[in-house]
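Hi,

Here is the structure I said I would pass on. Have a look at it first, and then read my notes below.

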Amino acid sequence: MQNPTVRTNRLSFVFAAVAISAVAAIFGGWSMWSGTDSKSPPHPPSSAGNTERFVGSSNCEECHAEQFQNYLQSGHARTFWSTRDFPLREQFDGLTFEDRERGKTFQYRANESGVDVSVPGVFGGDRFPLQFAFGSGEHAMTLMALTPDGSGTPVGIEHRVTWFSGMDRAALTPGQLGLKVQHEIEHFGRVIRGETLERCFGCHTTSCSIQDDTLVDLIPNVGCESCHSGGASHATLMADDPTATNAGFESRSWRTDKQISICAECHRGVNNIKPSQIRRDNAKIVRYQPVGLVQSKCYVKSQRLLCSTCHDPHQHAAKRSTRDYEQKCLQCHSADVSQAVQCSVSPSTGCISCHMPRVEIHPTISFHDHWIRIRGEADPPAIEEERE
Ligand code: HEC
Ligand code: HEC
Ligand code: HEC
Ligand code: HEC
Ligand code: HEC
Ligand code: HEC
Ligand code: HEC
């Protein structure tokens with residue numbers, strides 16, 4: 001398939017041609033994660049430069065096989081890929097995408113070093129590597145290139161095109177419609193720099209640091225140690241003395257706020273969002289489960305509702321049946337519980353679809369609204385659940 005007469009350039013080739021000044025970031029889409037709309041940007045637990053030693057999740061399997069096996073099927077185990085071995089190689093190999101807004105065409109090809117792209121209308125036959133992909137593909141997967149800019153500083157290019165699993169096709173990356181090309185490099189997508197770039201990798205990997213167009217000390221995905229920091233010393237201690245109890249760890253005794261704040265480091269918490277955005281009609285916040293949950297009367301009045309009350313944090317959330325989730329509600333809302341408030345409409349079933357339904361935030365991308373409440377006209381419209 002490979003055409004030997006075609007050069008594959010590093011994207012820095014484009015930077016060399018255009019002196020690029022600070023690029024005004026435009027927010028929305030994935031980059032709403034980057035935190036400019038927030039009081040304090042989220043701090044992923046594993047950002048670059050972290051000096052902690054990580055051993056990687058596979059080193060936990062030997063003693064924690066159950067958590068490990070469940071984990072392998074969860075979204076956390078698939079948040080970050082090299083395009084050398086990501087699951088969409090076939091879809092991208094030979095793909096042509098028409099960018100109608102700009103009147104340009106992207107042509108993709110898979111090769112042994114990953115996926116590359118050409119934009120014939122701008123760069124002729126030159127091809128540029130897109131080394132990484134973000135997202136499990138449950139909703140979507142976005143490609144990303146790393147390259148040094150004109151001054152040698154590594155920058156990320158969030159590619160303009162994303163694969164949407166729900167549509168089974170490529171479309172513009174959320175937030176990039178209307179993005180003007182001020183610098184040639186932006187033909188490929190949005191330029192992401194500095195701390196914002198580190199945060200992308202910080203939330204989607206367990207550890208890594210960025211050097212030029214590569215990542216060093218990479219432990220991809222949200223691994224065991226993203227939530228259980230100190231895994232390395234624990235594993236060593238346990239190997240030396242298997243009778244030690246919980247050496248270095250406290251996960252079971254995490255208080256409600258502590259656990260929620262660990263999840264909120266990536267899923268976003270109330271400190272990462274302007275108070276004025278926390279409104280019941282704001283559909284965007286359904287993406288931030290920790291923000292919604294703590295608005296719920298269930299949380300406020302019980303003071304003991306954790307993420308793990310309903311989720312096994314090691315398991316893919318959709319593996320648990322809707323009935324199982326309802327059982328969690330009934331732990332606090334059934335006639336058997338003293339002082340429990342019961343539903344007058346449907347006391348034993350259907351809780352999720354009425355009180356925490358799916359809400360769409362982008363075509364084919366929806367989340368369950370974790371602001372558990374009695375819903376009315378002012379709330380974002382619910383969409384139907386595809387599964388039982
Ligand atoms: C050599 C065996 C061994 C290895 C390797 C190991 N653990 Fe453990 N771990 C244990 C034992 C034993 C316990 C305590 C028994 C228990 O409570 O289940 C434990 C307990 C834990 C707990 C529970 C703490 C609590 O609050 O109850 C967590 C979390 C944990 N390990 C995470 C990890 C992670 C993450 C790794 C990989 C980085 C890892 N372990 C590697 C043996 C091991
Ligand atoms: C603060 C942590 C954080 C940062 C920073 C972050 N992400 Fe994410 N990302 C997440 C979380 C959490 C999800 C899962 C959303 C969900 O499914 O609840 C996610 C999901 C995704 C998905 C899958 C689509 C989806 O909605 O499930 C893509 C693609 C993605 N991120 C790309 C990026 C890119 C590109 C960047 C950098 C511009 C980035 N992310 C920065 C936390 C982060
Ligand atoms: C998304 C965050 C997260 C990740 C990733 C994660 N854990 Fe946990 N883990 C937790 C939380 C939260 C608890 C406490 C659960 C509870 O209180 O019920 C926990 C509890 C545990 C426990 C105590 C027993 C139990 O199941 O409650 C062990 C052992 C453990 N984790 C091991 C692991 C291993 C091994 C991995 C990687 C394969 C891993 N964890 C990945 C969040 C995580
Ligand atoms: C280091 C960042 C990070 C932390 C910490 C984190 N998550 Fe996630 N989580 C992600 C990303 C990124 C995704 C997106 C995966 C995808 O693209 O589908 C995700 C997806 C999920 C999903 C949907 C996918 C699935 O398999 O069901 C659930 C549920 C989830 N996280 C729960 C939690 C809980 C509960 C905690 C805290 C105990 C937590 N997460 C902590 C980054 C994180
Ligand atoms: C840890 C206990 C607990 C769990 C689990 C729980 N709730 Fe609640 N919930 C409460 C408490 C306490 C209140 C406040 C009752 C009162 O007004 O005194 C409440 C209130 C509510 C309300 C009324 C909200 C309002 O704004 O008036 C609804 C609806 C509700 N819960 C539904 C659910 C559903 C659905 C689930 C499962 C997805 C659930 N709850 C899980 C404890 C819980
Ligand atoms: C009262 C029960 C309950 C609690 C507490 C809860 N969740 Fe969920 N969560 C659900 C249900 C139900 C789903 C839908 C699962 C499915 O069927 O796919 C879900 C789905 C998710 C998903 C997948 C994306 C989505 O929204 O559909 C993420 C991510 C998630 N929860 C994160 C969290 C985090 C983080 C916390 C703690 C801040 C948390 N959840 C607390 C019930 C709960
Ligand atoms: C068909 C939609 C629907 C289903 C299914 C449903 N609810 Fe409700 N629920 C409502 C409505 C509407 C109200 C408000 C009723 C009112 O104001 O009289 C409500 C009220 C409540 C309240 C507040 C009661 C009070 O007096 O303050 C709780 C708690 C609650 N529901 C929990 C649940 C639980 C738990 C389930 C699942 C076992 C469930 N609901 C199933 C629609 C539903």
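Before the ligands, a word on terms: the domain bounds I use come from an automatic or database domain assignment. Also keep in mind that this is a predicted model.

Let's start with ligand 4. Where does ligand 4 lie with respect to domain 1 and domain 2? Residues of its shell come from domain 1 (12-224) and also from domain 2 (254-368), so ligand 4 sits between the two. The shell around ligand 4 has 19 residues, and those that come nearest are H76, S136, C263, C266 and H267. By type, the shell splits into 10 polar residues, eight nonpolar ones and one charged.

A few polar contacts are worth pulling up on your screen:

- H76 has a polar side-chain atom 2.7 Å from a nitrogen atom of ligand 4.
- S136 has a side-chain N or O atom 2.6 Å from an oxygen atom of ligand 4.
- H316 likewise has a side-chain N or O atom 2.7 Å from an oxygen atom of ligand 4.

As for elements, α5 (194-204) and α8 (256-267) are the ones that give two or more residues to this shell. The largest share comes from α8, with four residues.

Now the iron atoms, beginning with ligand 5. Which residues are the protein donors of the iron atom of ligand 5? They are C298, through SG, and H333, through NE2, and they lie 2.0 to 2.2 Å from the iron. C298 is in helix α10 (residues 297-302) and H333 in helix α12 (residues 322-333), so this pair links distant parts of the chain, 35 residues apart. The iron atom of ligand 5 has six donor atoms around it, and the angles they subtend run from 85 to 179°, which makes the arrangement octahedral. C298 counts as partly exposed because its relative accessibility is 24%, and H333 does too, at 31%.

Next comes ligand 6. H311 and H370 are the protein donors of its iron atom, each through NE2, at 2.0 Å. H311 is in the loop between α11 (307-310) and α12, while H370 is in the segment after β14 (365-368), so the pair ties together parts that are 59 residues apart in sequence. The six donor atoms here subtend angles of 88 to 179°, which makes this arrangement octahedral. Are H311 and H370 buried or partly exposed? H311 has 28% relative accessibility, so it counts as partly exposed. H370 comes out at 16% and therefore counts as buried; the cut-off for buried is under 20%.

Then there is ligand 7. C343 (SG) and H355 (NE2) coordinate its iron atom at 2.0 to 2.3 Å. C343 is in the loop between α12 and α13 (351-355), and H355 is in helix α13; the pair links distant parts of the chain, 12 residues apart. With angles of 87 to 178° subtended by six donor atoms, the arrangement around the iron atom of ligand 7 is octahedral. C343 counts as partly exposed at 30% relative accessibility, and H355 counts as partly exposed at 24%.

One last residue to look at is R358, in strand β13 (residues 358-362). Its relative accessibility is 15%, so R358 counts as buried. The side chains of R358 and S366 are joined by a polar contact of 2.9 Å.

Best wishes

Key. Residues numbered from 1 in each chain as written. Chains lettered and ligands numbered in written order. Predicted model: local features only at pLDDT ≥ 70, side-chain atom pairs only at ≥ 80, totals over all residues. Heavy atoms only, no water. Near = heavy atom within 4 Å. Polar contact = N/O pair within 3.5 Å; in protein donor to acceptor, adjacent residues only side chain to side chain. Nonpolar A, V, L, I, M, F, W, Y, C, P; charged D, E, K, R; others polar. Donors = N, O, S within 2.8 Å, 3.2 Å for Na, K, Ca; no water. Tetrahedral: all angles 85-135°; square planar, octahedral: opposite > 155°, others 65-115°. Buried < 20%, exposed > 50% of the residue type's maximum accessible area, 1.4 Å probe, protein only.
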